[in-house]
Amino acid sequence: MEGKSSRILRVRSKIGTRDPPKVATTSQGGAMSSAQLYDRIGGTYTATRRTEPRIAAQVWAALGAARTLLNVGAGTGSYEPPDRDVTAVEPSAVMRAQRPASAARCVAATAESLPFEDKCFDAAMAFATVHHWQDPIAGMREMQRVARRVVVFTCDTTDLAWRRRFWLTRDYLPEVAASRRGLATELASVIGARVEPVLIPWDCVDGFFEAYWRRPEAYLDEDVRRGISVWATVGPDVEERAVRRLRDDLASGRWAERNRDLVDLEVVDLGLRLLIA
């Protein structure tokens, strides 16, 4: 098995000369790279973004027998299997600084330019990060270049029923429902991946955007919102409007009336998908 020192042979030469992180455009028209975004919002990320064991079990099962693993867009280290040889890649210094001392080695790099040799990992994974890459297709191809297996957790919102079902986008954040759709389908076709739905438990401990589908009060908590990149990208005016309307609807009972079908559900499909190639 190839050691870590040889797998990262290209790191020193590429980190110093690589192009700066690619930029994404926010709904307010500003340009922001994924590193800049998480440098801004990621300071308290570990308070609300933790490994959800039921989702982790599905991700780790998809990794199969892989022993050496690259985690791309690794953030603070959630979902990194503790029993495998992990190398992490994360462009945000704020996120890297929050990784536990026991976490895997983390390299400052971007998905589109991974500083590793071809096929030097058994598997590469990416969890809830590809929508922040300027060029997700290039990033996916890089993952396939450096690893023999690729596992990606992302979302797909091609289904009109999805856009109507998730009450947060339907009733309060239509700007998000109008954003890029079909990402999982597009990326799966690029790398020849099979697609698995990922169901969200009602008591999900990882506070990603859709996690509180049965706990609407959570979205009123600013600490919860700061751990979700969507709120930063829609801008303060949209955020203030959405939170105000949600607070009013919870107080009046309007939210409960509109979403009474959710009360008895244990899990829900809100478009989260696992790509396995």
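Contact here means that heavy atoms of two residues lie within 4.5 Å. The structure is a predicted model, in which local features need pLDDT of at least 70 and side-chain atom pairs count only at pLDDT 80 or more, while totals for chains, interfaces and linings use all residues. Residues are numbered from 1 along each chain as its sequence is written, and side-chain values use heavy atoms, with hydrogens and water left out.

**Exercise 1. Describe the protein chain as a whole, from its contacts to its helices and strands.**

Step 1. Among the contacts in the protein chain with a separation of 6 or more, 71% are between residues 24 or more positions apart.

Step 2. Burial comes next, where buried means under 20% relative accessible area, exposed means over 50%, and partly exposed lies in between, with a 1.4 Å probe and protein chains only. By this measure 52% of the 277 residues of the protein chain count as buried.

Step 3. Helices (H or I, at least four residues) and strands (E, at least two) are DSSP runs numbered from the N terminus, and the protein chain has 15 helices and eleven strands.

**Exercise 2. Determine how many disulfides there are, and state whether Cys106 and Cys120 are buried or partly exposed.**

Step 1. A disulfide is a pair of cysteine sulfur atoms within 2.5 Å, and under this rule the count is zero.

Step 2. Cys106 has a relative accessible area of 24% and is therefore partly exposed, whereas Cys120, at 5%, counts as buried.

**Exercise 3. Find the nonpolar cores and say which elements supply them.**

Step 1. A nonpolar core is a set of buried Ala, Val, Leu, Ile, Met, Phe, Trp, Tyr and Cys residues joined through side-chain atoms within 4.5 Å. The largest one has 47 residues, of which Ile55, Trp167, Leu168 and Tyr219 touch the most other members.

Step 2. At least two residues of this core come from each of helix 5 (53-62), strand 6 (123-127), strand 7 (150-155), helix 9, helix 13 (229-234), helix 14 and strand 11 (272-276).

Step 3. With neighbours within four places in sequence left aside, Ile55 is in contact with Tyr79, Phe127, Phe153, Val198, Leu199, Cys204 and Phe208. A second, separate core has 27 residues, including Val89, Cys120, Val150 and Ala184.

**Exercise 4. Classify two of the aromatic pairs and place the aromatic cluster.**

Step 1. A pair of aromatic rings is described by the distance of the centres and the angle of the planes. Rings of Phe, Tyr and Trp (its six-membered ring) pair if their centres lie within 6.5 Å, and planes under 30 degrees apart count as stacked, over 60 as edge-to-face and the rest as tilted. The whole structure holds ten aromatic pairs.

Step 2. For Phe116 and Phe121 the ring centres are 5.2 Å apart and the planes stand at 85°, so this pair is edge-to-face; both residues are buried.

Step 3. Phe166 and Phe209 are also edge-to-face, because their ring centres are 5.6 Å apart and their planes stand at 90°. This pair links distant parts of the chain, 43 residues apart, with Phe166 in the loop between helix 8 (160-165) and helix 9 (167-172) and Phe209 in the loop between strand 9 (200-201) and helix 12 (222-226). Phe166 is buried with a relative accessible area of 0%, and Phe209 counts as buried at 9%.

Step 4. One aromatic cluster is formed by Phe166, Trp167, Tyr172, Phe209, Tyr212, Tyr219 and Trp255.

**Exercise 5. Follow helix 14 and helix 7, and list their buried residues.**

Step 1. The expected span of a helix is 1.5 Å times one less than its number of residues. Helix 14 (residues 236-252), with 17 residues, reaches 24 Å from its first C-alpha to its last, close to the 24 Å expected.

Step 2. In helix 14 the buried residues are Val238, Glu239, Arg241, Ala242, Val243, Leu246 and Asp249, and the helix is followed by Gly253, whose phi is positive, near 90°.

Step 3. In helix 7 (residues 136-146) the buried residues are Pro136, Gly139, Met140, Glu142, Met143, Arg145 and Val146, and what covers them includes strand 3 (68-72), strand 6, strand 7, helix 11 (183-191) and strand 11.

**Exercise 6. Locate Asp203 and name its contacts.**

Step 1. Asp203 lies in the loop between strand 9 and helix 12, and at 29% relative accessibility Asp203 counts as partly exposed.

Step 2. Beyond its neighbours within four places in sequence, Asp203 is in contact with Glu52, Arg54 and Arg215. The C-alpha atoms of Asp203 and Arg215, twelve residues apart along the chain, are separated by 8.2 Å.
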